[in-house]
Amino acid sequence: MHTASLHNLIDVEGPFVSVFLDVGDHVDLRWRAMRDQLQAMNADPYLVALAHKAIMSGVTPRGLAGRGLVVGGGRVLVDQYVPVPPSGYTARCGPLPYILPLVDLSEPLLPHVVVQVGEHGADLRGVDPTGRPVAVASVGARRPGRRLEADELADVAEEATTLVDRLGAPLLVLAGPLAGRRSLRVALPTRYHHLVVEVEGSPDRAVLHLAGRANQDARRAVVERFRDESTRMTGRAVHGLVPVGQALAEGRVETLLLTDSLVGSQEIDGGRADEVLPLRAVECGAEIVLVGGAVRLHEDVGALLRD
């Protein structure tokens, strides 16, 4: 995860309230349980009230189902919707913000265009790497009994390819009945055919699957570079809490690697490692990558240093 979007957290004094939840359905019930948990932790009532106002007044954008909030310094500092909702929910209060669940959920999607084809028209949606729709359009007659005609299919194809070019999207998803998908595919210019994926069901599920494969490739590249630098003994790869913490404090880290999203209950410099290290990564503009079990890291922490 690139951390530029979290710079509002820098130089803000605690306490903080950090919450991550599924905002797809029954968000009021889910938030009530989280609020009770925060109150049991003696969280600052004003910060809880700010989180309550933000959550209950928010409207979840189409195609997104998760949300992360960090509240501190008397205001909402981070409010991000994410494509993949957390399993369960996370609520934490303390002297530092807790952002690791957001790192876990915010892996970038492939920029993509979805075309939901029907008998009487088509809905188009262009989505950027954050999962936010950047353009939505409808094309077609939209009248019962009238099928899409050839000129209308050409309009759908033109709109779709315009969105693909605008986003630099490597993926064009065609969803809907087979006949409609095939007709639209024929209407597309040949140079876009290699980008097309056809799906029967929900296009969002197909996009998340393909994006997950792309993210695995990105993680694999980070792991391979870490192993390469470690083998070469260049000094650009370090692991362990103390060396990584020191490098972060000195602003020398390009990428922070974590074995998992929790880093156990380890502490560094008097704070929780899963809060201190990511915040330092934000402060020095480092990327954060969760590598799982792909590489063994001493104390679950590693770093690639800047040249």
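## A first look

Which residue stands opposite Gly302 in strand 15? In this predicted model, that place is taken by Leu257. Strand 15 is a good spot to return to later, but a wider view helps to begin with.

The protein chain has 307 residues, and 47% of them count as buried. Along the chain there are eight helices and 15 strands. Among contacts with a separation of 6 or more, 68% are between residues 24 or more positions apart. The accessible surface comes to about 14900 Å², with carbon and sulfur atoms holding 50% of that area.

## The four-stranded sheet

Let us go to an open sheet of four strands, whose order is 10-15-11-14 and whose pairing is mixed. Its edges are strand 10 (237–239) and strand 14 (287–290), each of which pairs on one side only. From one strand to the next, the twist averages 20°.

Two helices pack on this sheet. Helix 7, residues 241–249, touches strand 10, strand 11 and strand 15, and its direction makes about 40° with that of strand 15. Helix 8, residues 273–283, touches strand 11, strand 14 and strand 15, and its direction makes about 155° with that of strand 11.

## Strand 15 and its partners

Strand 15 (residues 301–305) runs antiparallel to strand 11 (residues 253–258), and five bridges join the two. Besides the pair that opened this report, Leu256 has Ala303 of strand 15 as its bridge partner. Strand 15 also pairs with strand 10 in the antiparallel sense, here over three bridges. On that side, Val238 stands opposite Ala303. Ala303 thus appears in both lists, opposite Val238 and as the bridge partner of Leu256.

Is strand 15 buried or exposed? Five of its five residues are buried, so strand 15 is largely enclosed by the rest of the structure. Both of its faces are covered: one side carries Val301, Ala303 and Leu305, while the other carries Gly302 and Leu304.

## Helix 4 and what covers it

Another part of the chain to explore is helix 4, which covers residues 150–167. Its 18 residues reach 26 Å from the first C-alpha to the last, close to the 26 Å expected at 1.5 Å a residue. Just after helix 4 comes Gly168, with a positive phi near 65°.

Helix 4 has a number of buried residues, and these are Glu152, Leu153, Val156, Ala157, Ala160, Thr161, Leu163, Val164 and Leu167. What covers them includes four strands, namely strand 5 (112–117), strand 6 (122–127), strand 7 (133–139) and strand 8 (171–175), together with helix 5 (178–187).

## Helix 4 meets helix 5

Two packed helices are described by the angle between their axes and the distance between the axes. For helix 4 and helix 5, the axes come within 9 Å and cross at roughly 70°. That makes helix 4 roughly perpendicular to helix 5. Where they meet, Leu153, Val156 and Ala157 of helix 4 face Ser183, Leu184 and Ala187 of helix 5.

Helix 5 also holds Arg181. Why does Arg181 count as buried? Its relative accessibility is 5%, and buried means under 20%. Leaving aside neighbours within four places in sequence, Arg181 is in contact with Val117, Leu174, Ala175, Gly176, Glu198, Val199 and Glu200.

## Backbone details worth a look

Most residues other than glycine have a negative phi, and most peptide bonds are trans. A few places in this chain go the other way. The peptide bond from Gly14 to Pro15 is cis, with omega near 10°. Pro15 lies in the segment before strand 1 (16–22).

Asp269 has a positive phi, near 50°. It is found in the loop between strand 12 (267–268) and strand 13 (271–272). With a relative accessible area of 63%, Asp269 is exposed. Asp300 has a positive phi too, near 70°, and lies in the loop between strand 14 and strand 15. Its relative accessible area is 25%, so Asp300 is partly exposed.

Technical notes
Residues are numbered from 1 along each chain as its sequence is written. This is a predicted model: local features need pLDDT of at least 70, side-chain atom pairs count only at pLDDT 80 or more; totals for chains, interfaces and linings use all residues. Side-chain values use heavy atoms; hydrogens and water are left out. Buried means under 20% relative accessible area, exposed over 50%, partly exposed in between (1.4 Å probe, protein chains only). Contact means heavy atoms within 4.5 Å. Accessible areas come from the Shrake-Rupley method with a 1.4 Å probe; for residues, only the protein chains shown count as cover. The expected span of a helix is 1.5 Å times one less than its number of residues. Two strands pair if DSSP finds at least two bridges between them. Axes are lines fitted to C-alpha atoms, for helices over the stretch in contact, and angles run from 0 to 180 degrees between N-to-C directions. Angles under 35 degrees count as roughly parallel, over 145 as roughly antiparallel, 65 to 115 as roughly perpendicular and the rest as oblique.
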